[in-house]
Every structure is written in structure tokens, then in C-alpha cells.
Amino acid sequence: MKFLRIANLLLLIAFPIAWFAPLLRAGLLPLFKLSEISVVSGLQSLWKTDMFLALLVTVLALFAPYLKTVGLALVQFDLLDRRVLPALRVLGKLAMADIFLLALYIVVVKGIGVGRVETGWGLYAFTGCVLASFAISFATESLEKRAA
């Protein structure tokens, strides 16, 4: 359980790093320089054009995974009742929806063939954070069930 606690606390540091890391490098035409897009820079651009969608993506990309991680840490340190684990599971699924939307964006842009999109290391970092959070949650729930 100690390993899970440490791993979960490390996610509190890893998530913000992944939010600012370059997810994609995109350009309109193959000849022009590619612009780096991170979760945060993408949200900044989105706020200017579509506030509702920006709010939805902010909840899915930032708040859901971070709140889940904080909630799980509180459960792991016995500061929150373990009955909240199903709610934390829902938050985790919302965070995975963000990965799906990002993958869909890449497929659409590459399919059009007008621009050029390259994945950045931040995409792997963000995906890794979400998957690690999922694995830590699953392991914590399994240990909680055995203890009960």
C-alpha cells in the first residue's frame, strides 16, 4: 500500500507537467514551421473561440484526473471514507474521455491531409498519467476489498 500511496502522490506532480508539455506539433502545410500545442495552450485558444467547449475540456483534462488523484490519496491515507471509490472511478473515466478526444483530433487532421500533425512527448506523458492513475485506483480498490 505504501508504494501505491507514493505513486499516487507522484501523479500530483506529473499531471501538471503533462498539461504544459507539448502534446502535438501541428502546421497548416508541410513547408511551414510546426506550432507546439499543450493541454494548457489548447485550452487558452479554445477559451477565445468556444467557452462552453473550453469549460468541458477543462473539466475533463484538468479537474477530473486531478480531483480523482487527490480523492484517492485521501482514501489511501484514511482521511476520506472508501465509499467514495465508485465516484472516483467515474472521474477516472471522464479523464479517459479526454484521451479519446485528442486521438480523434489527430485522426481527423491527418485524414484531411491539409496539415501536418506530429505527436509530442506530452501526449505520452499525459496518457501515462491517466493510465497510471487508473492502475493505482484499481490496485487500491482491490486492496480495500481484501481488507474489508
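These exercises work through the fold, core, sheet and salt bridges of a predicted model.

**Exercise 1. Fold outline**
Which pattern of helices and strands does the protein chain follow along the sequence?

*Solution.*
- Start with the elements: the protein chain has five helices and three strands.
- Put them in sequence order: the pattern is α-β-β-α-α-α-β-α.
- Now look at contacts between residues at least 6 apart in sequence: 67% of them join residues at least 24 apart.

**Exercise 2. The sheet**
Give the strand order and the pairing sense of the sheet.

*Solution.*
- The order is S2-S1-S3, in an open sheet with antiparallel pairing.
- S2 and strand S3 (116-119) are the edge strands, each pairing on one side only.
- Neighbouring strands are turned by 25° against each other on average, direction ignored.
- Take S1 and S2 in detail: three bridges join them in the antiparallel sense. Leu24 has Ile37 in S2 as its bridge partner.

**Exercise 3. The core**
Find the residues with the most contacts inside the largest nonpolar core, and the elements that supply it.

*Solution.*
- The largest nonpolar core holds 28 residues.
- Those with the most contacts inside it are Phe15, Trp19, Leu23, Val39, Phe126 and Ile136.
- H1 (2-20), S1 (24-27), H2, H3 (51-76), H4 (85-112) and H5 (121-147) each supply at least two core residues.

**Exercise 4. Ser38**
Is Ser38 buried or exposed?

*Solution.*
- Locate Ser38: it sits in the loop between strand S2 (35-37) and helix H2 (39-49).
- Apply the cut-off: buried means under 20% relative accessible area. Ser38 has 9% relative accessibility, so it counts as buried.
- List its contacts, leaving aside neighbours within four places in sequence: Trp19, Phe20, Ala21, Pro22 and Leu23.

**Exercise 5. Salt bridges**
Characterise three salt bridges, Glu118 with Arg25, Glu141 with Arg89 and Arg83 with Asp81.

*Solution.*
- The whole structure has four salt bridges.
- Glu118 and Arg25: the closest N and O atoms are 3.5 Å apart. Glu118 lies in strand S3 and Arg25 in strand S1, so the pair ties together parts 93 residues apart in sequence. Glu118 is partly exposed at 28%, and Arg25 is partly exposed at 24%.
- Glu141 and Arg89: the closest N and O atoms are 2.5 Å apart. The pair links helix H5 to helix H4, 52 residues apart. Glu141 is buried at 11%, whereas Arg89 is partly exposed at 37%.
- Arg83 and Asp81: the closest N and O atoms are 2.8 Å apart. Arg83 is exposed at 68%, and Asp81 is partly exposed at 37%.

Methods:
Residues numbered from 1 in each chain as written. Predicted model: local features only at pLDDT ≥ 70, side-chain atom pairs only at ≥ 80, totals over all residues. Heavy atoms only, no water. Helix = DSSP H or I, 4+ residues; strand = E, 2+ residues; numbered from the N terminus. Buried < 20%, exposed > 50% of the residue type's maximum accessible area, 1.4 Å probe, protein only. Contact = heavy atoms within 4.5 Å. Core = buried A, V, L, I, M, F, W, Y, C linked by side-chain atoms within 4.5 Å. Pairing = 2+ DSSP bridges. Axes fitted to C-alpha atoms, helices over the stretch in contact; angles between N-to-C directions. Salt bridge = Lys/Arg side-chain N within 4 Å of Asp/Glu carboxyl O.
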